[in-house]
Structure formats: C-alpha cells, structure tokens
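User: Could you take me through how the chains meet in this one? I would like to start with the overall contact and then go into the elements.

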Number of protein chains: 2
Amino acid sequence: MPSASECAAHNRSSFEDEFFQFLRIPSISTLPDHASDIARAAEFARDQLALAGLESVELIEGDGHPLVYGEWLGAPGKPTILIYGHYDVQPTDPIDEWISDPFEPTVRNGQVYARGASDDKGQILANIKALQALRQASGRYPVNVKVLIEGEEEVGGEAVTAFVKSNPTRLAADAALVSDTAMYMPDTPTLCTGLRGMVYTEWFARGAARDLHSGLYGGVAPNAVFGLIELLARCKDSGGRVLIPGFYDDVEAPSEDEKASWDTIDFDEEGYRRNEVCASTLTGEPGFSVFERIGARPTFEVHGLPGGFTGPGAKTVIPAAASAKVSARLVPRQNPASILQLMREFVAEHSPQGIEIDVRLIHTAPATMVATDHPAIRTASRALEEVWGRKTVFIRSGGSIPVVGDFQEHLGIPTVLMGYGLPDDALHAPNEKFSLRNFHMGIASTARFLELLGAPE
Amino acid sequence: MPSASECAAHNRSSFEDEFFQFLRIPSISTLPDHASDIARAAEFARDQLALAGLESVELIEGDGHPLVYGEWLGAPGKPTILIYGHYDVQPTDPIDEWISDPFEPTVRNGQVYARGASDDKGQILANIKALQALRQASGRYPVNVKVLIEGEEEVGGEAVTAFVKSNPTRLAADAALVSDTAMYMPDTPTLCTGLRGMVYTEWFARGAARDLHSGLYGGVAPNAVFGLIELLARCKDSGGRVLIPGFYDDVEAPSEDEKASWDTIDFDEEGYRRNEVCASTLTGEPGFSVFERIGARPTFEVHGLPGGFTGPGAKTVIPAAASAKVSARLVPRQNPASILQLMREFVAEHSPQGIEIDVRLIHTAPATMVATDHPAIRTASRALEEVWGRKTVFIRSGGSIPVVGDFQEHLGIPTVLMGYGLPDDALHAPNEKFSLRNFHMGIASTARFLELLGAPE
C-alpha cells in the first residue's frame, strides 16, 4: 500500500493544476461586483472536499457569502480535528504594481504569484490535498475530520461566527487546524501561538452641506479632509504610541518564558528592515522589541482616506465629506467593544470645529493565545520537525484570524496555527505569492500531523 | 436703428439655446478622457466669436488645450479692451450629489443647473453676446475689442501665460475685462478689486517599498497615509492659523479705506453661515472678519489624500505610498515661489520617521489688486449702476484668476473684474448653477460698459 506522501508525490502535477484553477477565480469578498466569483470559488472548494473523500459535503447559504462544509467521522475512538480556511481574497489595488495578472497564477523562481496564493487558497488547499493523499493511500483518514471553509474572512463577515455559535455539536472537535499564517523564515517549521485581535472602523466626517470652492470660502469653511487629519494626528504620537486614553489599560506584557523563547531565535533586525519591511527605518513604540511590537503590542493604523479630490491634477475644493479607514490591532485581554467605545469617546471629545465625525464599526475580533504545552500543539510540533528536519519555533503573529476566537469561545477548543506561508508572501499587497515547495511540504506536514494525531499513544 | 439692448432682447431665446449648447459639452480640462470635448468646446467658442462679429478668429494650438482668439480693431482713437474667459470646467465628482445631469442644462426656479454654468461658460458667453448685440445694433463695436478664451483655467495650465508673455503687441489694450467672479448678493452690482493667488501642490509620501499587511507589520512599518496625516496636521493649528514658519511674513493688512468700505456692506454673518456656507460654524483665524478671512488672508487647505485603501469595506493594509493635494491661497505681496520654498523646507524638516515626502508643484498664481479709482473701474461702476439701478459695491474675492496677474505683468494693464455669478452658484461643487436673469443682465451690463468706454469724454 502506498504511503500518503507517495500518493501526494504521484499527484504533484494535478495538485498544482487544481491550485492554479482555484487561484484563477477572482473571489474578492469586499467588492460586490465579484459575487459570481465568490459563488464559483465556493463551488470549487466544495468539489475539492468531495474529491478528497469528505462526506456530507455542502454549501451552507445564509446571510453573506456561502460556507463550505464536509466531514468524515469514520474513525470512532480517534480524535476529531476541525480544519478551517477561507476561499475569499483581498482586492488587488494598486493593480499597476502587479508584475503579472493577479488572477493568472505565474511561477517565477519556484513561487506562484497570484492574489490569494498564500492567503489562503494555497494553504487551505494544501490541507485538503493532505486529506486526499491520506484517503488515496489507505481509503480512510487517521482521525475524524470536519472541514469548514468561509468566504468572508477578508471582510470580517459574521456568517462563520454565527454558524460556529449555533452548531457546537455538529462542529464538536478536539482541536482546530488553521493554515493561514507564515513560517518564521524559509525551511523553519513554525507554530503560531498568539494572534492579535482587531477593531476595524470607518470614521465619517461631515463639514459644510456641500463641497465649496477653496478660493471663495477658504478661511471660513470647515474642511472634512483636514478635520480628519487633525483628529487622526491626535490619536498617535510621532513615536507610534497611541494617545487614546485607556487604550493600553488591559495590555499585558508577554510572559518571561515567551520572551526567553524569542531570545533564542536568531533574528537579524537589520536584514528584516532591509529585505522584508523594505523601509528606511523600522517604526513603532520605543522600548519594545520587534517581536513585541508586531505580536504583543496593539496598533492604530489609518488605511486610507476616501473623499475629497483624489483624481489627477488640481481641483480647488473644500471637501464637505470624507472618511477614514481606521483599525486597531489588539492583544489578549483587550476587549474590542471597549476599544471601540474608547475611540468613540475620543472622537466625540476631539472633533475639530465645524466637523461632525461618526465612527462606524466594520468588524471586530478578539486576540487569542494557545499554550505551547497543549497536546495538539506538541503533536503538531513533532510532525513539523519530522517533515522539515528542523526544530519547530513558536511565535506570535500580529495578524488576526477572527474564527480562532470563535472556536475557543463557542467550541471550547484550541487552534493549531500551522502555517506554510513565508514572511515575504506580500499578503494584501501587490505580487502576493506562495512557495510551491511550501505547498507540497505543507501537504506532507498536514498529512503527518493527522497521522500522528491518529496514532496509538 | 435698434439699440444693443433691443437686439439682445430680440435674441433672448437663441442666446439661451446657444448657452445650453455650450454647457452640453463636458469640457473637463483635468481629465485626459475629455480631450475631444475640450476640442469641441474650443471650436464652439471660436464659432461664437465669429457669430458676434469678431475678425481674425482662430484656434491657437500649442502645448496643452487650444486658445481661442478674435479681435476687431475698427475704432481707431477709441480704447481697446481685452476680454478674457475660459471654456474649460471642473470635474463633476461627487457625481451622486447632482440633482440633474451636470452636462444637460436644466432650469429650475430661473437658474440653469450645469457644470460650468457660472464658471465660466455663462459669464464669458454673456460678454460675447454683448458684443453680438452691439454689432447687430450698429454694425460695429464702440471700442476696439480683443477676446482671448483659454481651456486650462481649472488646471492652471501654462498655455495662456506663455501666449500673453510672448504677444504683448498683439494683445496690447487699455484694460482687460474678466467676468468670472460673483456679485456680492443678488441684484447688487459688484466689482472685484482683489484676487488671491495660489500655490497648488501634491505631496507624495513613500514609506516601505510595498504595501504591507497591517497585522503582520503593524508596529514596525511606516505608514505613508499616516505619515501625511502627521505632517499635514502640523501645518495648521486647530484655529486655522498656518504654522509653516514665514508663511505670513509678507501679508499686509487691508487698507483702512478698504476696511471702511467693507463696513458699509450690510453683512448678515449668521445668514451667510447658515444659507451659503451651510456649516454648523464658520472656521478660520480668530481676530479677523469674514471679509478679511476670505479675501485678505492666506489659507492652507488639503483637498484630498489619494492612496491607501479607499474602496468599500475593509482592507488591512499599511500603505507604502500616498499623496495629498495641498494648496495655499495667497494675498498681495506673498510670493508664490517663496511660499512653495517654505512648504518644502517645512516638509524636509518635519517628515515623519520612515517616510520620504516630495512636494511637487502643480501650479501657482500671484494675488492681484486693482485700485478703485482707475478710470476703467470707474466706467464699469457707472455702467453697472445704470443697468442694475443700484450702487456698485467693491469687494475682494478669495478666488484666483491667474491670468489677471499675467495681464498686469506682461501687458501692464488692469483688469475689470465684473462678474455676474452669485455666491451660491456652487462653483467646483455639485449642482453648479447660473441665474438666467444674470445671464441677460450680464449681456446688458457688458454692452453698456463698452458703450460708455467708447463714448466721447
């Protein structure tokens, strides 16, 4: 009987073909024009689950984009693992900066360039293909498996949270597996033990009732764009410290153990600045290390300022309305609702003269932590070490995967964050890519993790 | 022989038809897609000059959009007047806020709604139609006339400046007439005696080499949007005072005479706030009156911040690049080049950590003043009083008409700023309009001005 890894090796080329088919579907969840692409991506994911041998495979329609679900419960007495991923992707702007079409996967130097390659199509597909290889090898999986794939991860949709909350029995499992994070560096197996949470808002400013001519009214008319600038500049100092009162109240310092583990990582800060962040300097709060600033400290970012005149050339307008996309990344113990409330109080208190500002919530997610001594994490760590031949490192990620908090809260299970991305995958940016080597090593890693999970003690 | 006003009355309906035809041409000068509309508008203006009886009518092609020129020099010994206007218009965004199509003129309550109705198609056409009526009445004009119409006023194009500079003999005149300003209030004949100047710039910010994920890099990566916010907020305090060192150095207070004349105007500040600016409060520098703030004080405005994520919903990106449209309105004695230099020095000194900011000039214009005792202004004042039956008021406009500075500098002539717009015409904003009554009264006013100019002393 062939092993799962032999089956995976045999299917290498068809697995890549299917990966590329998945990438060709422009399933951008935030843009209403792409609704039919979202539907196609959901159907594609459903068909992949069926092909991998899952049963009761279905699309679950409700508010928002459909969920994809399948399960196989043929291993009584063995653990049950809940695998999660998402089939939706980020928008592609700025489109000019893409070297190749974001929805025509192109391989350069062993990397597949396409929107969603790493986040998360390549990673969820690696897990599905691990299941397919296991099934092909032995006609079964070593553990009970449930797979849940959503289409609103990039927009903070509520569909998956509502589903998890209302289906605790159907989704019952011993642990969840999510591959939607990155390895610390190439060929360094990595488990992520903490994720930041998120409050994503849009601040709507209104000044005069209509746009005004900046010559005729400059000197008396409130400017909605400048009002936002004034207010936003008060939210964070030039050193990167958030100035909203109470913002840091619930932030806990990382444990001494955790700090010690980071110290064992051979981190080249100058190389990181130059080759990964690609900036003239690293910014952020003084007195905190890079690992703390990106994993264990909250942030406040402005992503864009829609409104006013943004076309080419000159328009001499005093904008009546504008908005700002504003988010905060949160760390464990910070409560998203409280942070939103603090933002709103700050805005109410500091709105500039003549400008009304309304903070509307887009979505929230709490931060999450997984202890490194949990059995599922220990098994994952061992599987990774076997496949990659190197010691597994534990890091926190600065990103947010909201469903991990839902699994903790509503199912009472921890999540193994076993990601196969790389730090330079350019998530959410032009020229996103995923390493083809990591795609195949990911299949092998997940298969091995499930084998070890199902092995007799 | 009929009088010019009888001829104008007779042609009332055809003059309106031609005005509407002019408005239907979407001659937006800043948008490259509208190049063919610009060409059509130039041809339309040229044909109107011919119809009005001007001679040597031509399109003058060069860099940028064509100039339209015509002249009639059949009144030797009489003064020569140079009439200027522009056939280009502002963009229409935000398009959603227009009640009717910006390029399908629609009359509501005696107002013609369309982009360019007041700025400047209705006003330049009123002057052309005055010439047509004069010619029709007597077969000649009472003075020598030169007409110059440009297509880049809204984008600060250099074509007209270059043409004026290199054709001082061809354009030689005793005074210029420009109808591109507003009356102080309905039925109040108004001459504008001062215009603010302008420095319009775009500030380009660059942080990291590419957009970064705000989860993975939030805490270490410079954010180009926030960098601009930080810097721009330092440029002006919350009271509206510009903080760029040296900005006010050359600003002169208005003369006591000028202040006294403003005091004679019955100004309802609360009504102006409520009905014209339509804002919850008037803003601007404390200690200065509204007339001073909009006419005699310089300003600093941000018109928009292109870059980052501005689509619907959420995108968690740290923008690598962004820019800000920034302009300052200048008053007499402030030098545009010096102000640009002060901006650049300020930016160089205060650029936030990790952000490179480059200030690029889009265009400049010096402020201009015309003395109220100039003979052409006195004649204009008398003509307006005859036609409107009320005393002419003298105000400064906060707007900028760069060519007025060119006429002063290169031709050595003052400009009569005899505008027929109204303060609520919504220039540069949705639902721009022009009063049909003012269109016809404007024709009569210009005709009477030229008659008086040509009358024996």
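User: So how many residues does the contact take from chain A and from chain B?

Analyst: The contact takes 81 residues from chain A and 81 residues from chain B, where two residues are in contact if their C-beta atoms, placed from the backbone, lie within 7 Å. This is a predicted model, in which local features need pLDDT of at least 70 and side-chain atom pairs count only at pLDDT 80 or more, while totals for chains, interfaces and linings use all residues. Residues are numbered from 1 along each chain as its sequence is written, and chains are lettered from A, and ligands numbered from 1, in the order in which they are written.

User: Which strand of chain A gives the most to that side?

Analyst: Strand 11 of chain A does, with nine residues; strands are DSSP runs of E with at least two residues, helices runs of H or I with at least four, numbered from the N terminus.

User: And in what sense does strand 11 of chain A pair with strand 11 of chain B?

Analyst: The two pair in the antiparallel sense over three bridges, pairing being counted if DSSP finds at least two bridges between the strands. A:Gly304 has B:Gly308 in strand 11 of chain B as its bridge partner.

User: Switching to helices, which residues meet between helix 6 of chain A and helix 6 of chain B?

Analyst: From helix 6 of chain A come A:Ile229, A:Glu230, A:Leu232 and A:Ala233, and they meet B:Ile229, B:Glu230, B:Leu232 and B:Ala233 in helix 6 of chain B.
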